[in-house]
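Morning, everyone. I have one structure to go through today, pockets and then a sheet. Please have the model up on your screens.

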Amino acid sequence: MPLTNISDSDFQRLARFIHGQYGIDLSQKRQLVTSRLSSLVTQKGYDSFTPFLDNLLNNRPAADIELVLNRLTTNYTFFMREQEHFNFFQRVVLPELVRRHQRNKVLAIWSAGCSSGEEPYNISIYIKEFLGSQAPQWDTRVLATDISQKVLASAKKGVYELPDTIPPNWKKRYFVPTSNPNQFAVAPEIKNNVIFQTFNLMDPIKFRLKFDVIFCRNVMIYFDQPTKDALVRRFYDATVPGGYLMIGHSENLGKDAPYQTVAPSTFQKR
């Protein structure tokens, strides 16, 4: 029998923990917390939220924390999502980056909050299409990170039902049929171009290279404004001069964001 309520004190301590560790703002989400976590609490053998949270917050079992995060967030994405970004990436960003990197032939692109992997694979396809026969001469590997090991495991498999928006020639060239007629596997040349890694966006950003482009779309919807502002500053520091940040169309940067707007939901470090 699912639980129907969480006490004020239990809700507050869960909200503080999730916000402090992962940046997710639950302050106005009490009903969502109750509805999405109550069955998990009972499945784990607890008869109320209190002992479940005692174990979660004191012992911090990684598997249980991941279950909680997966239930509180929506790992929803698909190929060709918010296609205006990809159009701008193809028309403006890629020509600029290829000119800029003619000598070292290295592109540094990060899909932050990559969920089940469609976004970084989609980026890789656009890069391969743009470079054509020159692609083997370039290092175009995309870094793809998420906090959830579960979605990363799915992303690494790279098996999907493809939407109608995928061009037929892409389907033929970049995907391989599976035994399930409705599912296709990402072709090795695209799969091998993505490096998946677990990363918490609340952590300091200390990757080896600064990025030409950071895609962080439909991730900051879970954060309050101070958390967003701090993350954007970290992104800015991790972006090369002239590099880009792309966020979801339903999101916005704070009024003091250091980037300059160059297209809808697209920003550049001048």
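One definition before the pockets: a strand here is a DSSP run of E with at least two residues, and strands are numbered from the N terminus. A lining residue is one that has an atom within 4 Å of a pocket point. Keep in mind that this is a predicted model.

I'll take the second largest pocket now. Its space comes to about 260 Å³. It is lined by 14 residues, and those closest to its centre are R141, L143, I195, R208 and L209. Two strands, β2 and β6 (194-198), each contribute at least two residues to that lining. By class, the lining holds ten nonpolar residues, three charged and one polar.

Now the largest pocket, with about 520 Å³ of space. Of its 30 lining residues, N75, G113, D146, V219 and Y222 are the closest to the centre. Here α4 (62-72) and β2 (142-146) each give at least two residues to the lining. So β2 turns up in the lining of the largest pocket and in that of the second largest. The class split for the largest pocket is 14 nonpolar, eleven polar and five charged.

Last, the sheet. Three strands form an open sheet in the order β3-β5-β4, paired antiparallel. Why do β3 (159-160) and β4 (175-177) each have one side without a neighbour in the sheet? Both stand at the edges with a single partner strand, so nothing in the sheet flanks that side. Between β3 and β5 (residues 184-186) there are two bridges. Within that part, Y160 sits opposite F184 of β5.

Technical notes. Residues numbered from 1 in each chain as written. Predicted model: local features only at pLDDT ≥ 70, side-chain atom pairs only at ≥ 80, totals over all residues. Heavy atoms only, no water. 1 Å grid on protein atoms, 1.4 Å probe; cavity = no way out; pocket = protein on both sides within 12 Å on 5 of 7 lines; lining within 4 Å. Points joined across faces, edges and corners; volume = space filled by probe spheres on them. Helix = DSSP H or I, 4+ residues; strand = E, 2+ residues; numbered from the N terminus. Nonpolar A, V, L, I, M, F, W, Y, C, P; charged D, E, K, R; others polar. Pairing = 2+ DSSP bridges.
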